[in-house]
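Here are my notes on this one, as numbered points. Have a look at the model first, then read on.

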Amino acid sequence: MAPFTSPHGGHDHHDIKEGRPDTHAPAGLMGDHVHHQGEWMVEYKFQKMFMDGNRYGTQQVSDVEALDVTGIPFMATPTRMDMNMHMLHIMYGATDNVTLYFMPMWMELTMDHLRRNGTTFSTYNDGFSDLRFGALVLLYDTECSDLIFNFGMSAPTGNIHGTTTSASPMGAETQMPYPMQLGSGTFNFRPGITYKKYWEMASMGLQLQTNLPVGENYRNYHVGNEYQLNWWFARRVGERASLSFRTEGLWRDNYGGAGDPQLNPNMISTARTDMRGGFWFNLGFGGIYQFCDGSRLNVELVRPVYQDLDGVQLETDFQLFASWSKAW
């Protein structure tokens, strides 16, 4: 965390933000802190998302009902999805007020399905996802608060042409639908802003993070705009640990463009561009432990308490985030 700079120059050595575990946000968030000039940080972050069962708008529906609930007689429906994400987060303090970051990610996706005739199948995809990078700029810094702007972007390093032979009863190779692809296929702007306030034994934060695709990809679509608004409160437990509570509102637009020409939107809901958006309200519960060497273990469980989905989609059951980070 950048030291407090007084209006008259120099650093205040009584900055209550220094050396405490909760200068990092809960594990499910990023873009929330900066580093001293010349300081590096390396973080390994793991994310797991589990989805089980379908939802039509705000109502849960059975897998069989999901085949017809929209009025489109789908030939198959997803029933369950498991996503694992492994991320390497590298940060460097270019100055006390500007921190650069770089984040390659590896994704593993598994989706189970039910066909109209009662048979089942599963699909799997893995590989690098889109590469995130950018700069965090400390706009405002006092002894007990800071304001950080995230000049973030992502590059389309994740492929969007993954195929499978599992979906076809005859074993033919077919294009996997949108949720099973590894990237967006476009450069995306990812601006965000974070405000944090500190007290002696507690802290709170407010963050707006966005994901805004630029143009369409080579398969004639773009992912929807995404907006995440988070508020969290952290309570220190001794000198080395803190516990956190977080609320999140997540708005995601449907996909735009003509859609992937290799996908039949009447075959399955996951092949439709108009069934990708929705609103989620989530609660997160986490904790951070800071070791003697200054490294941090950060864990958070996130559960949705309200979901309003466009069309019929798999509902989210939970997300788990865990990370270990070390700065020097």
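1. How many helices and strands does the secondary structure of the chain come to? One helix and 18 strands, where helices (H or I, at least four residues) and strands (E, at least two) are DSSP runs numbered from the N terminus.

2. Before going further, the ground rules. This is a predicted model, so local features need pLDDT of at least 70 and side-chain atom pairs count only at pLDDT 80 or more, while totals for chains, interfaces and linings use all residues. Residues are numbered from 1 along each chain as its sequence is written, and side-chain values use heavy atoms, with hydrogens and water left out.

3. On overall dimensions, the C-alpha trace spans about 70 × 35 × 30 Å along its principal axes. The radius of gyration (over C-alpha atoms) is 21 Å, which agrees with the value near 20 Å for a compact globule of 328 residues, the rule being 2.2 Å times the number of residues to the power 0.38.

4. Now for burial: 52% of the 328 residues count as buried, meaning under 20% relative accessible area with a 1.4 Å probe, protein chains only.

5. Contacts (heavy atoms within 4.5 Å) come next. Of those in the chain with a separation of 6 or more, 67% are between residues 24 or more positions apart.

6. One local spot to click on is G287, in strand 16 (residues 278-290). Leaving aside neighbours within four places in sequence, G287 contacts S242, L243, S244, L297, N298 and V299. Its C-alpha atom is 7.2 Å from that of A241, 46 residues away along the chain.

Notes: Buried < 20%, exposed > 50% of the residue type's maximum accessible area, 1.4 Å probe, protein only.
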